[in-house]
Amino acid sequence: MASFAASPVSFSAVSCTVKPNQVSNLRRASLSFSGKSSPSRRIPALRFRVACSAKPETVCKVVDIVRKQLALPDDRDVSGESTFATLGADSLDTVEIVMGLEEEFGISVEEESAQSITTVQDAADLIEKLLEKK
Amino acid sequence: DVGKDKKPFTPPREVRSQVTHPLAPEKREIFNSLHGWAEDNILVLLKPVEKCWQPNDFLPDPSSEGFQEQVKELRKRCKDIPDEYFVVLVGDMITEEALPTYQTMLNTLDGVRDETGASLTPWAIWTRAWTAEENRHGDLLNKYLYLSGRVDMRQIEKTIQYLIGSGMDPRTDNNPYLGFIYTSFQERATFVSHGNTARLAKEHGDLKLAQICGIIAADEKRHETAYTKIVEKLFEIDPDGTILALADMMRKKISMPAHLMYDGADDNLFDNFSSVAQRLGVYTAKDYADILEFLVGRWEVEKLTGLSGEGRKAQEYVCGLTPRIRRLDERAQARAKKSSPAPFSWIFGREVML
């Protein structure tokens, strides 16, 4: 349950194709995962957090870029919670990840903002903020 | 990344906790076994003192009749050189004058340190003689700047006192592999730097100053040859250990010797000085990438074989690093903020564009 709740990404091994309207499908899937089918089952708090901040697809794209930059094996779990440091990113990797995000989303990240990014979630949230401004 | 842990109006200190890693006995043995080789290949790169230039050769001779006239001419030439050039030249001079720190740094290295101050191992002989050659650089630049009248000598002298007091930790961890990789990089960096100040001096019409910077650059080139030769030998004897060391130093990044500089007034002195050096093309991020590229080629890192798994990873990292640094620099250039002026106490508080 925990690994599912961490991120919709862990659902698909290689590429991420989760769209916002599929969230309710996922919820149903989580119910069948546990073997129960009670509709009144509590939603894990973590998923609530993902839904409230950056869109899952944004987190997804960030994870993709991070995976590529750090050449992570497929079985290495990466979620919004993951910090770049624990994933093995040095300062050069972090800047290159930010550059990759700029290219992917067509945004420009200021030095100061870039330095405050420590987790995948931080990056996704910042991206959405910059996209909103555009 | 490296920040500066600083109370305002105090000299900066190294942020990272400092570590020492005594060299394993079998690695120490390598440096003992190289005594003969070092005598034949490294000490020969020292210039006999009788054949060496001395600062007096490039300055007005106080014992000559024409002394005062020569000083007048020197000051006349300096008048036309812009402040920004002097900022960079002063920064370089201060770096040279912090020589005690560099001799100390060489003597932190296991296997090659001068155990008594007069040790007769080739390594110790090299270190003392190298120090003696370098000593002339600071002396020459100091006297020239003193005579020029263009700079605030007291502020400069204060900066030097602070800097020697601060020391530096290049993170070579007592390890001569790391140490000689670091010095290889630095000697080439100073060669590039002084070569550029020589070129600029010529452009500003001061041929004597160009000669001075040029003769210093020539020394640095010879020193670079020596240090790169040592590392080349280490790659030959212990390719795995040496490539791991190279990757380690590059991950740590080669920190500049004077990065803790402070003049009692400016909390961002080193950054400001670096900006001007970058803008004038004396020492730039591109130079950093060029030096790395040169060393990777010089040591034939791509051709290394018989490496362990870790060694191969280190080799990949080092070989792939130069383009990444260049891309980073391109990005930084593209988004460079508009240049703004900053005062430098070295030039009496006058401002220069960063």
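Let me begin with a word I will use throughout: a residue is called buried when its relative accessible area is under 20%. What you have in front of you is a predicted model, and by that cut-off 41% of the 134 residues of chain A count as buried. Chain A has 7 helices and 0 strands, so that, read from the N terminus on, its elements run α-α-α-α-α-α-α. If we take the contacts in chain A between residues at least 6 apart in sequence, 58% of them join residues at least 24 apart.

Let me now turn to chain B, starting with one helix taken by itself. Helix 4 of chain B covers residues 83-97, and its 15 residues should span 21 Å at 1.5 Å a residue, which agrees with the 21 Å found between its end C-alpha atoms. Of those 15 residues, 14 are buried, so helix 4 of chain B is largely enclosed by the rest of the structure.

Next come two pairs of helices, and here it helps to recall that two packed helices are described by the angle between their axes and the distance between the axes. In the pair formed by helix 9 and helix 10 of chain B, the angle is about 130° and the axes are 5 Å apart, and the two helices are therefore oblique to each other. On the side of helix 9 of chain B the residues that meet the partner are Val231(B), Leu234(B), Phe235(B), Glu236(B) and Ile237(B), while helix 10 of chain B brings Pro239(B), Thr242(B), Ile243(B) and Leu246(B).

The second pair is helix 12, residues 285-298, and helix 13, residues 309-334, of chain B, which pack at an angle of about 165° with their axes 9 Å apart. That angle makes helix 12 of chain B roughly antiparallel to helix 13 of chain B. The contact involves several residues on either side, among them Tyr288(B), Leu292(B) and Val296(B) of helix 12 and Leu321(B), Ile325(B) and Arg326(B) of helix 13 of chain B. The crossing of helix 12 past helix 13 of chain B is left-handed.

Two side chains in these helices deserve a pause. Arg222(B) sits in helix 9 of chain B, and because its relative accessible area is 16%, Arg222(B) is buried. Its side chain makes a polar contact of 2.9 Å with the side chain of Glu133(B), and, leaving out residues up to four places away in sequence, Arg222(B) touches Leu45(B), Leu46(B) and Lys47(B) as well as Glu133(B).

Gln315(B), in turn, belongs to helix 13 of chain B and counts as buried at 12% relative accessibility. Beyond its neighbours within four places in sequence, the residues in contact with Gln315(B) include Ile243(B), Val301(B) and Leu307(B). A polar atom of the Gln315(B) side chain lies 3.4 Å from the backbone oxygen of Glu302(B), and the C-alpha atoms of Gln315(B) and Leu304(B), which are 11 residues apart along the chain, are separated by 8.1 Å.

I will finish in the loops, where one general point is useful: most residues other than glycine have a negative phi. Arg171(B), in the loop between helix 7 and helix 8 of chain B, has a positive phi near 65°, and with a relative accessible area of 24% Arg171(B) is partly exposed. Lys253(B), in the loop between helix 10 and helix 11 of chain B, has a positive phi near 70°, and at 33% relative accessibility Lys253(B) counts as partly exposed.

Terms used: Residues numbered from 1 in each chain as written. Chains lettered and ligands numbered in written order. Predicted model: local features only at pLDDT ≥ 70, side-chain atom pairs only at ≥ 80, totals over all residues. Heavy atoms only, no water. Helix = DSSP H or I, 4+ residues; strand = E, 2+ residues; numbered from the N terminus. Buried < 20%, exposed > 50% of the residue type's maximum accessible area, 1.4 Å probe, protein only. Polar contact = N/O pair within 3.5 Å; in protein donor to acceptor, adjacent residues only side chain to side chain. Contact = heavy atoms within 4.5 Å. Expected span 1.5 Å × (residues − 1). Axes fitted to C-alpha atoms, helices over the stretch in contact; angles between N-to-C directions. Parallel < 35°, antiparallel > 145°, perpendicular 65-115°, else oblique. Left-handed = near helix turned anticlockwise from the far one by under 90°.
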